[in-house]
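Work through the exercises below with the sequence and the model at hand. Try each task before reading its solution.

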Amino acid sequence: MPEALFEFGLRTGIHTLMNSAWGWPAVESIHFLGLSMLIGAVGLFDLRMLGVARGIPMGALHRLIPWGIGGYAVNVMTGFLFVTSAPDQYLYNPAFQVKLALMAVAGLNVLFFYRFVFARVRVCAGEAEAPLSAKVAAAVSLTCWVGIIVCGRLITYYRPPYHWCWWC
Amino acid sequence: MHYFLWLEGTGFSIWMRESGLAFFSSLILHALGMAFLVGAHLATDLRILGVAPGVPLSLIRRFRPVTWAALIVVSASGVLLLVAYPAKALTNPVFYLKLLAATVALLIGRSLYRGVLRDVTGDSGQVPGKARALAALSIALWITTITSGRVLAYTYKVLMASDPR
């Protein structure tokens, strides 16, 4: 798996880009901008459902969510560039593994939210309190995204993974 | 440099460098705080530029406590990281660019809060061109802040005053 990813990076020029003088910091900056956009849209929407900034209609605030999805898409792509450039530094890294697990939980939470909760949230008045199910989904979402940022930062702490990773 | 030498030698600075927990907690809190600080500002700027028009401009300030909390976390963790490696950042011009961009962005945020974000009549309808220009400038400044912050990790000439390379 690491070898295949690395090969892919070499063939597609990702490796060249990421190892150019400013490649890595430039992609890191874009990654951070993407996560700020995600928090600015999804994080604020979650906070509103949890009772912050009562008065702002949740349905109207939800119009920011496409920007959060955009940030997410940017980060999946830029994140792929990191992983492809140094696969063994990520795939065997516990911080990266927990990060992926939290992303899976956040993804399931999104499916749950839009399938069962959003229709009721969308029609709430500005001053309305969100239903309990929405608060639960918002708390899960915020916890996951905060955890994902923490894990992202921790990836560099566990690098290189060979020193501690007993199954590598 | 004398001042950096003195600060580096204090017990607190040594502890910040040598305790992995203290240093990494500061790094993590700085990243988390920045995500919320920049995120909230970007969302406000986008609203001023016409995204999510149903969100009343005059109510955005109810998110202000989130911004304040993020600013406090970012400043405190930033100072701790400075205490750990004062010479690393303070001898790097990029650090002053980051500080300048963030300060101007925060001042723009404040001026928008005192202007268009207090004006109930602006809740529906077009935001004045000046406020829109400030919002666009704010986005550019936050991008500058993030980029220069990241670039800091790659451009420092001195890690510690006591150990010039």
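Three exercises follow, each with a worked solution.

This is a predicted model: local features need pLDDT of at least 70, side-chain atom pairs count only at pLDDT 80 or more, and totals for chains, interfaces and linings use all residues. Residues are numbered from 1 along each chain as its sequence is written, while chains are lettered from A and ligands numbered from 1 in the order in which they are written.

**Exercise 1.** Describe the secondary structure of chain A.

Solution. Count the DSSP runs (helices: H or I, at least four residues; strands: E, at least two; numbered from the N terminus). Chain A has 8 helices and 0 strands. Then take the extent: its C-alpha trace spans about 55 × 35 × 25 Å along the principal axes.

**Exercise 2.** Which elements of chain B give two or more residues to the side that touches chain A?

Solution. Start with the contact (C-beta atoms, placed from the backbone, within 7 Å). It takes 28 residues from chain B and 30 residues from chain A. On the chain B side, the elements are α3 (20–48) and α7 (129–155). The largest share, 13 residues, comes from α3(B).

**Exercise 3.** Characterise how helix α8 (residues 132–154) of chain A packs on α3(B).

Solution. First, fit the axes (lines through C-alpha atoms, for helices over the stretch in contact; angles from 0 to 180 degrees between N-to-C directions). They come within 9 Å and cross at roughly 135°. Therefore α8(A) is oblique to α3(B); angles under 35 degrees count as roughly parallel, over 145 as roughly antiparallel, 65 to 115 as roughly perpendicular and the rest as oblique. Last, list the residues: Val146(A), Ile149(A), Val150(A) and Arg153(A) meet Leu27(B), Ile28(B), Ala31(B), Leu32(B) and Ala35(B).

Terms used. Contact = placed C-beta atoms within 7 Å.
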